[in-house]
Amino acid sequence: MFVSKDSYMFEMIRTELADAVGSEYVGTGDSDKFGHSIDYYWIPEMWHDRGMPTPKPDFVVHPGSAEEVAKVVKIANQYKIPVVTWGGGSGSQGGALPIAGGIILDTKRMNKILDIDEQSLTVTAETGIIARHLEWAVNKKGYSTMHLPASISCATIGGFLAHRGTGVLSTKWGKIEDMVMSLEVVTPTGEIIKTLPVPRHASGPDLTMMFLGSEGTLGVITKVTLKIHPKPAAREFRAYLFKDFHTAMSAGADLMRSRLEPCAVRLYDETETLTHVKKVFGIDIGSGAYLVFGFDGEKDIVELQMKHARKIMEEKYNGTDLGSKGGDLWWKNKYKFFYPGFMFHLPQAFGTLDTVADFAHIEKVYWAMKKAVNEKFPKARFIGHFSHWYQWGCMLYARFIFEGKDVPEDPRQAAALYNAVWDVAIREAIKNGGVINEHHGVGLKLGRYMKDLYANSFPILEGIKKTLDPNNIMNPGKMGL
Amino acid sequence: MNIDKFEEDIKKCRFCFMCRHLSAVGNVTFREADTPRIRSSMIWGVMLDKSKLSNADFIDTIYSCDMSAACRFHCVNHWDENGAVLAARRDIVEAGLAPKDVSKLSKKILSSPAAASVSGPSDIVYYADADTMALPGEMEAFDKIAKKSKIKYATATGGDCGKALKVMGYWQQAKERLGEFVDSLTAAKAKTVVVSSPYVYDALVNDTAEFGIKLSAKPMHVSEFILAQKLKFPRAAGEVYYLESDYLKNYNSNLKFPRQLLSRLKASSPAEFTTDILDEEIPYMFGTNNEESYTCGEGAVVFAQLRPQIVKKMAKYVEARVGNPKADVLITASPYTKIQLSKNTKVKVLTLTELAAGCL
Ligand SMILES: Cc1cc2nc3c(=O)[nH]c(=O)nc-3n(C[C@H](O)[C@H](O)[C@H](O)COP(=O)(O)OP(=O)(O)OC[C@H]3O[C@@H](n4cnc5c(N)ncnc54)[C@H](O)[C@@H]3O)c2cc1C
Ligand code: SF4
């Protein structure tokens, strides 16, 4: 049902929503609606840049509890109005955009820390809390969530759960899904459910995992219990420069196969080392591929891990040692990459072709994507780094960039060019054994590839969606659902 | 338009999320619109289509900004969203679109004289603005410190340094008022002007420069002045929590004087730790960080008159971060902040001056 503002039904629904969450927490003004019409996806940003109107919600509600969320969802079912959950709006995939109008359910009022359990080392919080605020609060007690993404200051914990987000220390401490103990979820029909209290059990399939990554299509995650960790006594970084990306990748993969358990590994290809890394660090670190890694924990253990890692880098792969200084530069500047002036921005057109694959395929994926983008779009630059590493493979944070002069002024043409690059690159990634994607999610941007990716298992996802959300009100049109 | 001068800043901020955790208003209203990203995105919309300047919702949002400038201070390139909001307010006023409450308040301010009344000529003039006057304890504390330091001073009261008008967008009037205000201090032969309110300090330091007004006296915030007296403080301040001032920290990068004073007063705080952004120890830190503005809208000077409901929420936000409400003492460099916290919460608040006087 579309609600025209002139219709008395608009007032009827607004009144019901106000009754559910309090009238001061139902926004229908232009600023509220505009504020929820652009996330971190390039297309709505470009659209606004060109003075074009972006799709707006009809209502913006800020519930203060799971009970209030349930009431909102029930009202939406009654009138068959879309409900789009919005955390920080920092998602890059258009996941939180109200493409079909309806209700934006902004979670940020649900921002309480409910418990820090120092016996089990867990924190229970409402999911609308901004990750930085949660991290600061546990820091104050001497702990860390170890979830340190570049968007820590703007994204909510709920957003990370919904997108299976990740932080700079993921290699040792895991992605958000590795950090979760349990969830409270308001289902699309308005029931408040809890998943099992511990993440390891043999009591059937894992419901927690089903909701993680569901991007607001299967309900609203309202509470989470996460693991926390004592702040490590030591954390040390070291960086190396390798003659080329292939050698650096081999060294990085070897480090992971050694099971030395680094907390972070990051590898920048030759182009990104020469341009981006140099710009952010403010010094010339030379040419080649820059690889940085670190360890954290007890000081003597860290020293020993570092000793073994150095052996791999220096003796097996002949890396040029940039020392701990070269490593600390990265740690100190880890968020700086994302501030305007260092990050790409309009009028440039740019996208992060986030892909994950095992070590047997990751280089193939990189080269195939790079070749395809370079051949089909000679005006696009293709750069990449590898930012989240596992025992079995890693994530490719590839990016394409068009300079402003090469982007059509007409917004439709600009969007068409943009989508065409994605089509070419993503299909190439899937063909070569890559999975889209590792931590940014699917949203509106990548929904159209879900059938290719999942092949004949996609109907299972569709079946789950139909069962949980019979009226298809939760974030319709996202994730290909 | 004035916003055109901020085109580069607006272009940088309009799609940037990096300082949203510091949106003191956004953190209590939960509105996306109350963040630097959306405010500058909306200003961008106005740059493309001037008719949007008159949108009542846009105007309301622009005047709901607390102007703490915490975003600019935090930003690695210090892009000036704060300046863009100020320019938008100026455009709104110049287009005759000022909202009723703003226009009413500006008229009220303009109906009183801008020149301060000074008690007599003196090298040192202590200026008590309306916020300071509303806290008799602040003036008594200053007097106690001055007497102990054997310093003679004249008191200036009344008048208006133009800051409130400036933050509301009344540029020309603010400039004229500041000129008259400065003249009244010059006429009193002041060599040093000591102020308790950080916004007055900022007007004397930065607005004079911006407006090309010559101030021959040296402006000093009271914290710097007390430090300069080399007094002995026999009583230790003990455990206190310092709330940064918007105008001292974010507008003047002045983290030093309040901290040095606190350490002279032997103040201690158990809440010291290193944040991974700043990577440095922050003594006397309140709450969990020293980046957020806990001033209840000090940056917008008259925020409590324009947005009392938001200020109340901001005060409650601060109260919720007090570890032990019965025992903890919060210290502020800003009389405005003390007034708002005292009015809206049960927390114990002292100004830096009061704390120092209590340690004598
Ligand atoms: C500068 C910058 C740097 C970034 N760096 C990283 C990074 O290092 N690591 C990383 O993982 N991501 C990163 N991102 C992407 C983004 O921050 C993440 O995708 C994050 O998870 C989004 O969280 P959010 O609260 O902003 O969610 P939103 O953008 O508001 O929403 C994202 C999706 O989640 C759904 N959703 C939100 N909250 C809930 C909930 N409580 N229940 C159910 N569904 C919900 C929405 O409907 C939407 O589909 C970055 C983004 C920016 C702007
Ligand atoms: S001030 Fe800096 S960090 Fe804040 S929105 Fe602007 S560019 Fe981003």
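A residue is called buried here when its relative accessible area is under 20%, exposed when over 50%, and partly exposed in between (1.4 Å probe, protein chains only). The model is predicted, so local features need pLDDT of at least 70 and side-chain atom pairs count only at pLDDT 80 or more, while totals for chains, interfaces and linings use all residues. Residues are numbered from 1 along each chain as its sequence is written, chains are lettered from A in the order in which they are written, and side-chain values use heavy atoms, leaving out hydrogens and water.

With that in hand, helix α3 of chain A (residues 42-49) makes a good starting point. Helices are DSSP runs of H or I with at least four residues, and strands are runs of E with at least two, numbered from the N terminus. Eight of the eight residues of this helix are buried, so the rest of the structure largely encloses it. Among them are A:Trp42, A:Trp47 and A:His48, along with the charged-type residues A:Glu45 and A:Asp49. The cover over α3(A) includes α2 (30-35), β16 (349-358) and α15 (411-431) of chain A, together with α3 (36-48) of chain B. After the helix comes A:Gly51, with a positive phi near 80 degrees.

Turning to the whole chain, chain A holds 17 helices and 18 strands, and 64% of its 481 residues are buried. Where contact means heavy atoms within 4.5 Å, 72% of the contacts in chain A between residues at least 6 apart in sequence join residues at least 24 apart. The C-alpha trace spans about 75 × 60 × 45 Å along its principal axes.
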